[in-house]
Amino acid sequence: MITIEVNGTSKQIDIEPDTPLLWVLRDIVGLTGTKFGCGIAQCGACTVHIDGKPMRSCSVPIGALDGKKITTIEGLSPDNSHPVQRAWIAEDVPQCGYCQSGQIMATVAFLKEFPAPTDAEIDANITNICRCGTYERLRRAIHRAADLIKA
Amino acid sequence: MHGSRIASTLSRRHFILTAATAAGGFMIGIGAAPRTAHAATVPGQPWNDDNAYPPNEIDAWIAIDPDDSILIRYQRSEMGQGSMTALPMMITEELQCDWSKVRIEYASPNRNLRQNKVYGPSMRSAGSQTVRGSQKLVQQVGASARERLIAAAAAHWIVPAAECSAAQSVVTHNPSGRTLRYSELAADAAKIKLAAEPAIKTPAQFTFIPRPMPRVDVIHKTDGSAKFGMDAQVPGMVFAAITACPVPGGKLKSVDDSALAGAPGIVSVVKLPNAVAVVATDTFWRAKRALSRLHPEWDVGAAGAVSSEELSKTYRAALSEPMLTARNDGDVDQAMSGGAKIFEAIYETPYLSHSPMEPMNATVNLQPDRLDVWVGTQAADEATEAAAKASGLKPEQVYVHNAFVGGGFGRRDANDEVKQAIAIAKVVKRPVKLVWTREEDTRQDKFRPHAVVAFKAATGADGMPSAWSMRVVTSSIYASIGRSFPANKVEPQAVNGLDNNGYNVPNTRVEAAIRNTHLPVWFWRAPGVNQHIFAIESFLDEIAHASGLDPYQVRRKLLAGKPDWVKVLDAAAEKGDWGKPLPPGSGRGIAICQDDDSLCAQVAEVAVKPTGEVKVNHVTVALDPRYMVNPLTIAEQAEGSVIFGLSAALYGKITIKDGAAVQGNFDTYRLVRLAEAPKIDVHLMPSGGKVWGGVAEAATPPIAAAVANAIFAATGKRIRSLPISDHDLRSGAA
């Protein structure tokens, strides 16, 4: 039995320890905002925060997470009010939307480390794939979110 | 699966507060549309459960609640293209209702069957047809409802309907100033049958559109609440992972499942004619891991020897064999014999996968007299028919709950995943969620066709082409989808972009030969055009440079007499700084295409490092969609289409070895990421006219040629096959 805290709620997980966190979140905890895209930590659609650090949950086994605090897209804010969410809405970023939970979670963690990011810093750190190609608006939204956080 | 149909008040209020800032200043060609805070909503779960219809329907499309909120049903698919916002905007235009009180949900394909196609002849989103193919239908829906609401008010007041008008969900009796709200009239309006359907508005009469409007689905795509097919949760469901024969057409010979003895939670190993699936409880991971421990044996036949090298040789050899003629203007052969100079080149484009971010999946609950399917599909009506056939139930017993579609690009209308899920459910007799791995999604895709095009052109004394011939070898999409086509005609996709090129070359011949393989080929964003525009626009660039002419001016001359084409080309050149100086190692390329009745020209600015690394810095897009509903989503589609085409241009290639696709995941099938994404400026310039253009595809085809032509300008190296990453662009390399 593994105990994790998901968005502030304690969860007892009884499953094979090599099960990736992604599938625990989606299939056991029932939080489907975190997405399966590749399964090999390439695309970032499954990005969540583990003790505040952005991680690709498809490649983190649950057995390594006893006592850890997990934040998913559902736990970012109760009402879409996190500055990154507000920036995403203001820039109308998502198209199909499937990768956007991961993009947002990656950006939230990134802006903690780079509160006033340059484009080069964004390029080096936001590596999630968006097949719809929303990068133009995504980049604008990252800058807007940085401004919102500062304000 | 029974979530609330109405978005929470909280998120909706937040959306209204933030939506006003979303419209960007990106447009030319339309007047300054007011920035309004109006915002319609859609629930995070976009489908209705088909269990009951609301009591206050005007008809199958529209229901009006006592609080004046209006439900509008959207009959096609939302896969990121924004049509779930655009089509209800068109209904709103005619209905004269309050957009801030509109909520939207998917129309039911089951109801469509039961009610004689009440949602129109097709529920499919493909071919950039969603808006332009529904425009008259949904305008009529809105206009009819409006006139019935007016008629209900006129009957109430006992006045002529002609004395009444409708605006913002209120009917006014103009002489007396009396008013009735739509909600007060809905019940009566539902019973009214008009003597004749009202005329729909012409674009000149529009007052609500075109208008940049934030997408209704965005708020659910920022908080994880948007439900994709992948997110369906059915009580008691089990999870299935599948691997089909990696060589398409092959069969399952045998599989030894003893390796799974004692593995936790395994429900069943299901053997299908061409695939094996493992079904497990609790998590998809269990099923996936167990499947990876099986080593099925396949019967692949002769196809197991096919390779990309061999296919390329076969296609190139076929270039000199007899072909069917798609277009033949003037006398190409005679013009060639008198031409001052002859140019010849062969262009080649590979198989590509669609690779939507959401891997293929379907969840089914098969009961004796009812089948429910949760899936993100581009064609919920066709999925219904396919599911009925696969299950043996009547179509009326099948309920397809279309979800937000996590990327389609042409892939999500084959229903192969739905049929597989039903086949598995028949065996395990429980609700099943089938998920494809990324590798399965890539290898079991139905690819963009491989094609080769041989060009031959003659130029006159002025260096301009006076004759050209284009000979294509490719495979048939129609054959793959099972559509018959006259054997003496060239199917449109085989030559799309070539036979309908815009250039006035008096002697033009376009021919094609179909060489089908065991690999199914499919529609892929801008079919035909997506590869042939790379070819023809690069070849024309070759001629221009060899003649010492400016590639932009050559195009401009060849488009004389076509002011719409010239306008788009000029806009791209002007906004893209054509002709302005660039540092060494950099270059600009230009290209233009027609797709789905829209026109798109692009200028790409590219830098090539001495190491050969290509960086596309800036892309300028000029797009003429003829008409617009929502310029915001059109610009978004143009931006996304450029990136989609750029992934293909730079990296995209499915290699065939031993009859199977080599690439599987994103480590081998590379896609453009943020760091490689250029700055994109979109200029919309609708020219009007008889037809509406499509907007979801037209900006994909030009980018490969624009980039390849820019690379030539920067390096003097001509790219004649894709992807660009296959070419050695280091300085000094041959």
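**Exercise 1. Trace how strand 14 of chain B is joined to strand 15 of chain B, and how the two strands pair.**

Solution. Step 1: two residues link strand 14 of chain B to strand 15 of chain B, forming a hairpin. The model under study is predicted. Step 2: strand 14 (residues 361-367) and strand 15 of chain B are antiparallel, with five bridges between them. Step 3: one pair can be checked by residue, since B:Val364 has B:Val373 of strand 15 of chain B as its bridge partner.

**Exercise 2. Follow the chain from strand 15 to strand 16 of chain B and give the handedness of the crossover.**

Solution. Step 1: on leaving strand 15 of chain B, the chain passes through helix 9 (residues 380-391) of chain B and then enters strand 16 of chain B. Step 2: this β-α-β crossover is right-handed. Step 3: strands 15 and 16 of chain B pair in the parallel sense over five bridges. B:Trp374 has B:His401 in strand 16 of chain B as its bridge partner. Step 4: for burial, strand 15 (residues 370-375) of chain B is mostly covered, with five of its six residues buried.

**Exercise 3. Place these strands in their sheet, and state which strands lie at its edges.**

Solution. Step 1: the sheet is open, has seven strands with mixed pairing, and follows the order 9-10-7-17-14-15-16 in chain B. Step 2: strand 9 (266-272) and strand 16 (398-402) of chain B each pair on one side only and are the edge strands. Step 3: from one strand to the next, the twist averages 20°. Step 4: strand 7 of chain B runs parallel to strand 17 (residues 432-435) of chain B, and four bridges join them. The bridge partner of B:Val238 in strand 17 of chain B is B:Val432. Step 5: helix 6 of chain B lies across strand 7, strand 9, strand 10 (275-280) and strand 17 of chain B, at about 30° to strand 7 of chain B.

**Exercise 4. Describe the surroundings of B:Val279.**

Solution. Step 1: B:Val279 is among the residues with the most contacts inside the largest nonpolar core, which has 281 residues. B:Ala240 and B:Val373 are also among them. Step 2: leaving aside neighbours within four places in sequence, the contacts of B:Val279 include B:Val238, B:Ala240, B:Val270, B:Ala287 and B:Val432. Step 3: as background, nonpolar side chains in soluble globular proteins tend to be buried together.

**Exercise 5. Locate two cis peptide bonds and two positive phi values in chain B.**

Solution. Step 1: B:Ile209 and B:Pro210 are joined by a cis peptide bond with omega about -5°. B:Pro210 is in the loop between helix 5 (182-191) and strand 7 (238-244) of chain B. Step 2: a cis peptide bond also joins B:Leu722 and B:Pro723, with omega about 5°, and B:Pro723 is in the segment after helix 18 (701-715) of chain B. Step 3: B:Asp68, with phi near 75°, is in the loop between strand 1 (62-64) and strand 2 (70-74) of chain B. Step 4: B:Asp658, with phi near 50°, is in the loop between strand 24 (656-657) and strand 25 (660-661) of chain B. Step 5: B:Asp68 counts as partly exposed because it has 17 C-beta neighbours inside 10 Å. B:Asp658 is partly exposed too, with 13 other C-beta atoms within 10 Å. Step 6: most residues other than glycine have a negative phi, and most peptide bonds are trans.

How values were computed:
Residues numbered from 1 in each chain as written. Chains lettered and ligands numbered in written order. Predicted model: local features only at pLDDT ≥ 70, side-chain atom pairs only at ≥ 80, totals over all residues. Buried ≥ 20, exposed ≤ 12 C-beta atoms within 10 Å, placed from the backbone. Core = buried A, V, L, I, M, F, W, Y, C linked by C-beta atoms within 7 Å. Contact = placed C-beta atoms within 7 Å. Pairing = 2+ DSSP bridges. Axes fitted to C-alpha atoms, helices over the stretch in contact; angles between N-to-C directions. Right-handed = clockwise from strand over helix to strand, strands pointing away.
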